[in-house]
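Reader: Before I accept the labels attached to a model, I would like to see how each one is reached. Could we go through them one at a time?

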Amino acid sequence: MTTSTTVSDLSVPQLGVGLQFNPEIYDWFPFAQHEVDAFEVLLDAVMAPLDGRVVMAPGAAEQLEELAKRAPLVAHSNYGCDFGFDPLESTPAVRRHVPIARHIGSPWVSNHCFYADASWSDIWSSPLQFSRSEVERVGRRARALGDLYGIPLAHENAAYYVVCPGSEMREAEFLAALVERAGTYLHLDLHNVYTNSVNHPGFDAWDYLATIPLERVIAIHLAGGSLHDGVYHDWHDSAVPEPVWEMLQHVLEHTRVGAVFLEFQGRGHHDATRVLDRERDLDMILADLTRARRTWDAAYGPRSRRTTRAGAREACHGR
Ligand SMILES: [Fe+2]
């Protein structure tokens, strides 16, 4: 069964410009003092181990409860093995991410498109095989997982450094076919698109945006990266580059998304990068947040941003 439901049909709440709440910045970023419309929670960072009886890591529920007083929380999954080969019911996605996303009242959930743990490769980031058979197999899993979440599920495009053997179509074509097959949505990481366009000959970022169904984009990631040994890496360790801002403006002008999240994280991606700190990186993060809000406001108007949890709840209510 296919569906043509778009994000506008879903009435996904428009939260505004948010920040990813990840272990590398949560010890020092002054969350209480700066305007952020939403927080993206990395489910892997707050889940308990699979061999225990509890779902959330010690202290995580309390930490998120405090954070939720400031802005709505949105769930994001990386290592759920969502697209892998183990039975879906045995994966961290089903056993941990689904209950946590429900617990925090996430209006939608996004999952990173790669094979990840216990499957094709453990490296970050092992791309899916862009093939018709994987559209079918992954599409069935995505549909079943979306039903378990009970909220819209959006797949995040990955930055990858080699193409998976056996691929027979472009990534953008694969994602368009996947969401059509599964009845799911897209989480568009514009820095991943940019990274792939730098590293892969023939990968055109603007052609990519023209190929994916923009009307199915629920949320956007922005980040920066670094050049290392001749390869441009999606390390989230520098300011958002200019071509990514140009793409953001284009996408916001052409579709209605629920949120734009900035990702800042250095050592979490690779030990060749650095650990971010308040001294060197706070001004960079604040400047990118300000520019993202300006770009959002130019497209949708400042009143479209939900700066309180109550406002977001109100918007979610109509879904
Ligand atoms: Fe991302």
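**From values to labels**

Author: In this predicted model, A101 has its place in helix 4, which covers residues 92-103.

Reader: What makes A101 count as buried or exposed?

Author: The relative accessible area of A101 is 1%, and since buried means under 20%, A101 is called buried. Leaving aside residues up to four places away in sequence, A101 touches L43, A75, S106 and Y149, while its C-alpha atom is separated by 9.2 Å from that of I151, 50 residues apart along the chain.

Reader: Why is the site of the iron ion called irregular?

Author: The protein donors are E156 (OE), D189 (OD), H221 (ND1) and E263 (OE), at 2.0 to 2.4 Å from the iron ion. The angles among the four donor atoms run from 84 to 165 degrees, whereas a tetrahedral label requires all angles to lie between 85 and 135 degrees, so that label fails and the site is given as irregular. E156 belongs to strand 5 (residues 153-156) and D189 to strand 6 (residues 185-189), so this pair ties together parts that are 33 residues apart in sequence; both E156 and D189 are buried.

Reader: What makes helix 5 oblique to helix 6?

Author: Helix 5 (residues 132-149) and helix 6 (residues 171-182) pack at an angle of about 45 degrees, their axes being 8 Å apart. Angles under 35 degrees would count as roughly parallel and those of 65 to 115 as roughly perpendicular, so helix 5 is oblique to helix 6. Their crossing is right-handed, and the residues that meet there include V135 and V138 in helix 5 and F174 and L178 in helix 6.

Key
Residues are numbered from 1 along each chain as its sequence is written. This is a predicted model: local features need pLDDT of at least 70, side-chain atom pairs count only at pLDDT 80 or more; totals for chains, interfaces and linings use all residues. Side-chain values use heavy atoms; hydrogens and water are left out. Donors are N, O and S atoms within 2.8 Å of the metal (3.2 Å for Na, K and Ca); water is not among the atoms, so sites may look incomplete. Four donors count as tetrahedral if all angles lie between 85 and 135 degrees; four count as square planar and six as octahedral if opposite donors are over 155 degrees apart and all others between 65 and 115; anything else is irregular. Helices (H or I, at least four residues) and strands (E, at least two) are DSSP runs, numbered from the N terminus. Buried means under 20% relative accessible area, exposed over 50%, partly exposed in between (1.4 Å probe, protein chains only). Axes are lines fitted to C-alpha atoms, for helices over the stretch in contact, and angles run from 0 to 180 degrees between N-to-C directions. Angles under 35 degrees count as roughly parallel, over 145 as roughly antiparallel, 65 to 115 as roughly perpendicular and the rest as oblique. A crossing is left-handed if the near helix is turned anticlockwise from the far one by less than a right angle, and right-handed if clockwise. Contact means heavy atoms within 4.5 Å.
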